[in-house]
Amino acid sequence: MDTQMTTAEKPLMAQARPRKPAPFLPMSRAEMNALGWDACDIVLVTGDAYVDHPSFGMAIIGRLLEAQGFRVGIIAQPDWHSAEPFKALGKPRVFFGVTGGNMDSMVNRYTADRRIRSDDAYTAGGEGGKRPDRCTIVYAQRCREAFKDTPIVLGGIEASLRRIAHYDYWSDKVRRSVLADAKADLLLYGNAERAVVEVAHRLAAGEAPRELDDIRGVALFRKVPDDYTELHADDLESADEGASRQKGLTVIRLPALEQVEQDKEAYARASRVLHRESNPGNARPLVQRHGDRDLWLNPPPIPLTTEEMDAVYDLPYARAPHPSYGDARIPAWEMIKFSVTIMRGCFGGCTFCSITEHEGRIIQNRSEGSILREIERIRDKTPGFTGVISDIGGPTANMYRMACKDPKVEAACRRPSCVFPEICPNLNTSHDDLIRLYRKVRETKGIKKVMVASGVRYDLAVESPEYIKELVTHHVGGYLKIAPEHTERGPLDKMMKPGIGAYNKFKRMFDEAAERAGKKYYLIPYFIAAHPGTTDEDMMNLALWLKKNRYRADQVQTFLPSPMATATAMYHTGVNPLRGVRHGGSDKVEAIKGLRQRRLHKAFLRYHDPDNWPLLREALIEMGRRDLIGSQPHQLVPAHQPPGTGKAAGTKRPMRPGGKTQRFTTKGLRVMK
């Protein structure tokens, strides 16, 4: 591996110092006193309610650090208006760990239309407003106010996806790295178990944060060492993009903060290079100028082995919310308390999804034994369990134990996806291990039913008729959610998703398996509106497909530009970073930005809703498709509005400068009339 890292990767539990685990990691001085602690070594501050379960990031990190011999406390959803709540557990001896929680706080708090949500699934009682916007920044600043000399380490998905200069949809501007805004010492990105253990031990041994520049998955501000050669991906006149391989120590210089703020092609170049340098087997360090400082990103973490994954999931979690919440329901906990994570990572590379940027493309698997032990713990220790496992999966239901057939090829690969535009011939797509696991789980005493609720990657599933048979016969309850996302090649190519033909093949196999099993099961397809590269005509064709196949979507998803996703770069820049980016040679992408245009695309997905008919009639007329207005089976919307329907008819068009209103074209571009 061309790692360029100066320290060997230690096994995750090599420095473990077993001690009696706390019933729950303490959230108060009283709990610390009951444990006989005078101080915490590490205090974790999180935007989520504290649920001591391996589906919650702060619980994993807390229990892992506890297993390393550290005294770990939790401050969950503190009042951020002053520093006092951040002093609740006293000054930590080693560091503050700060995370926004299981979701980016802006994604958690706002809809795709930038409307604030009234609820929060990760809060007791589902109550909204218990965390601030960009809570990683706010929490870190309050920690600094509370104890100014204590190191602050950022982690979690919010920090991970904002580790470099990034487009922020909610402020509609490029923001600098969250590490700079938070004024923290270190940022750990990706699955950070290995990094956080190393950071904790070395800080405890007296090293300064700036000395931890040799740990994978770490971002910090530092100068480029003299013995490194810089490869200039910031040269937008060059087609090389910093991709050339050179002997010795090299670092790739991304376009600087100021450059990506002013030049959208520079932003697209930075996104392209970051995603290209994401394979732990060949990734090189990246550096990006922020004002008068260089932000340095080490290569991504080495994936955990199966033994290390087992060690993480076998830690002594209480598997319940902290007792301080009483009987209050935490919706996210209610959803996952009977589910089991069997793997991490995703090699699909869907451009609108952030899983790959955070968890990586290499699948990290648990052993059958570890999974079965967790199921037995659910059976024996989780109140209310009736014998039904609600989900067994991960980011994708059916990538368990899938990997490149040749480790050398995997270490050298720089493809953004293993399954697009076609399934790579080097990918092992066998479902045999997963089928065997399903059967062993079903045989576990006390287990009546095992559901698969994670998304099934259907282009992989069709490679294994036996898997589809197993899935349909034993693991579906009435319906199965599936995500073709679109029917048209234009947006699908920008999403890096397979064509609708793969979905049709899966549906045929699914229906045949259901018929053989004597079941009446249904597929529920999910689609995205207003994704970059989608025209009005694409959405019209999708709506016609939905009507032809008798699908009526109750809930639809409008594209939300989450931080650092490839599709977000397309949305912000109008440039396709899946292809080479340089001045005068970039591939353009049309983005759907206007609120009315986004509403139209969403309306096509809900063509059957009378409230959408006035908007759709207007658009179809503009598109020259009056033939789709009427009551015939092939037509999309009726010509006349039923009395008492069509709230959209009374909505005024947004005014444009000069008093002109916004209309549509079939290319999804706004024009003035």
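## Around cysteine 346

Setting aside neighbours within four places in sequence, cysteine 346 touches a group of residues further along the chain: it is in contact with Ile355, Thr356, Gly360, Arg361, Ile363, Thr396 and Met399. Keep in mind as you look around that this is a predicted model.

Where does cysteine 346 lie? Its place is the loop between β16 (343-344) and α12 (355-359). The residue has a relative accessibility of 10%, and because buried means under 20%, cysteine 346 counts as buried.

## Cysteine 350 and the annotation

The loop between β16 and α12 is also where you will find cysteine 350. With neighbours within four places in sequence left aside, the contacts of cysteine 350 are Arg457, Met495 and Lys497. Is cysteine 350 buried or exposed? At a relative accessible area of 13%, cysteine 350 is buried.

Both cysteines come up in the UniProt record: an unreviewed entry carries the annotation "binding site" for Cys346, Cys350 and Cys353.

## A nonpolar patch on the surface

Now for a look at the surface. Which residues make the nonpolar surface patch of about 420 Å²? They are Tyr479, Tyr522, Ile524 and Tyr526. Strand β22, which covers residues 522-529, gives the most to this patch, with three residues.

Isoleucine 524 is worth a glance here, as a patch member that lies in strand β22. Its relative accessible area is 34%, and since partly exposed covers values between 20% and 50%, isoleucine 524 is partly exposed.

Terms used:
Residues numbered from 1 in each chain as written. Predicted model: local features only at pLDDT ≥ 70, side-chain atom pairs only at ≥ 80, totals over all residues. Heavy atoms only, no water. UniProt positions renumbered as here; feature names shortened; annotations may be inferred. Helix = DSSP H or I, 4+ residues; strand = E, 2+ residues; numbered from the N terminus. Buried < 20%, exposed > 50% of the residue type's maximum accessible area, 1.4 Å probe, protein only. Contact = heavy atoms within 4.5 Å. Patch = residues over 30% accessible without salt bridge, like charges linked within 9 Å, V, L, I, M, F, W, Y side chains within 5 Å. Areas by Shrake-Rupley, 256 points an atom, 1.4 Å probe, with all protein chains shown as cover. Salt bridge = Lys/Arg side-chain N within 4 Å of Asp/Glu carboxyl O.
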